[in-house]
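Student: I should like to go through the strand pairings of this model and the reasoning behind each term. Could the structure be shown before we begin?

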Amino acid sequence: MANDGKVYIIGAGPGDPELLTLKAKRIIDDADVIIYADSLVPEEIAGYAKPGAAVYGSKDMALPEIMQVTLQAVSEGKTVARIQSGDPSLYGATLEQMRILEAEGIDYEIIPGVSAAFAAAAVLKSELTVPEVSQTVIMTRAEGRVPMPEGEDLIGLARHGSTLVIFLSVTRMFRIANQLQEAGYPADTPVAVAYRVGWPDEQIIRGTLTDIAQKVRDAKITLQALIIVGKAVDPKLLDPEAGEQVAVSHLYSDEYTHLYRRAGQGDHADADRTDLYEAGGYEVQPERAVHTSTGDD
Ligand SMILES: C[S@@+](CC[C@H](N)C(=O)[O-])C[C@H]1O[C@@H](n2cnc3c(N)ncnc32)[C@H](O)[C@@H]1O
């Protein structure tokens, strides 16, 4: 297809318009056509469209219709902002759109957004990766109409005992709570259910694997919620009295040398010392002690 237009697939974040990236906002401001997922993206974000832009809510549009509007606009040299919730790479049905754009030879770009997973962690005031508690986050969903690929059944994943972030599954809360216990999570494992994070009617429900399902049922939450499971979301971790029992990250410890800092010398003492850098990683050098920085810088 000959055209000069371009498509932007934009992650709008979980709902709060202030969580839109500056880049996303700039593209939306300038786009000729806006197609936004109006079930999970607030109207306010679509409202940034310039006067005269065509704005479509995609909630009631099937993929062929969305793509027909997109291809038509691009053939007229227009810019299309396809706005999706959270980050487009997670449960965004992005691939099927990209495949059509690829097949048509259309220029497109993806603008990342704040996933509901991270917005929920922020509201919970939780670090999902707490040293010696959990260093792994599994993002998944329970099996429903969409079958899970082999090896990804919830019980199998849960055997890792890591922090679990479960999308699209709150209607299956009873089954999930049972399966996780079957897989080895203790009954008192903390669970948080975050409903419509970043929206005015946001709700957070906390409990354990024993009582969370009933609490969610009582709150009548049946959609647009994330389930986060694991000790990392235990609110007690924030309690200074419990601080002694919580291992702290080495990243900011004065005891450890890493790429940007030699032990005892404050920030950035070694920023220019490539000998402290182990190819491809951030390993602490043996001259001091063999400990691995838990951070990514
Ligand atoms: C189609 S998926 C889209 C996920 C999105 N791409 C992301 O990164 O957050 C929709 C599911 O994401 C979760 N979700 C999306 N927005 C949410 C929000 N504001 N609060 C809680 N969960 C949300 C829910 O599990 C919902 O069923």
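Tutor: In this predicted model, strand S1 and strand S4 (residues 79-84) are joined by six bridges in the parallel sense.

Student: What makes S1 and S4 a pair of strands?

Tutor: The criterion is at least two bridges found by DSSP. S1 and S4 have six bridges, so they count as paired. Within this pairing, Ile10 lies opposite Ile83 of S4.

Student: How do you know that S1 also pairs with S5?

Tutor: Five bridges link S1 to strand S5 (residues 107-111), again parallel, and the threshold of at least two is therefore met. Lys6 has Asp107 of S5 as its bridge partner.

Student: Why is strand S1 called largely enclosed?

Tutor: A residue is buried if 20 or more other C-beta atoms lie within 10 Å of its own. Five of the six residues of S1 (residues 6-11) are buried, so the rest of the structure largely encloses this strand.

Student: Turning to the open sheet with the order S6-S7-S10-S8-S9, why are S6 and S9 called edge strands?

Tutor: That sheet has five strands with mixed pairing. Strand S6 (137-141) and strand S9 (203-208) each have a single partner strand, so one side of each lacks a neighbour in the sheet. On average, neighbouring strands here are turned by 20° against each other, direction ignored.

Student: What makes S8 and S9 a pair?

Tutor: Strand S8 (residues 190-195) runs antiparallel to S9 and is joined to it by six bridges, so the requirement of at least two is satisfied. Tyr195 has Gln203 in S9 as its bridge partner.

How values were computed
Residues numbered from 1 in each chain as written. Predicted model: local features only at pLDDT ≥ 70, side-chain atom pairs only at ≥ 80, totals over all residues. Helix = DSSP H or I, 4+ residues; strand = E, 2+ residues; numbered from the N terminus. Axes fitted to C-alpha atoms, helices over the stretch in contact; angles between N-to-C directions. Buried ≥ 20, exposed ≤ 12 C-beta atoms within 10 Å, placed from the backbone.
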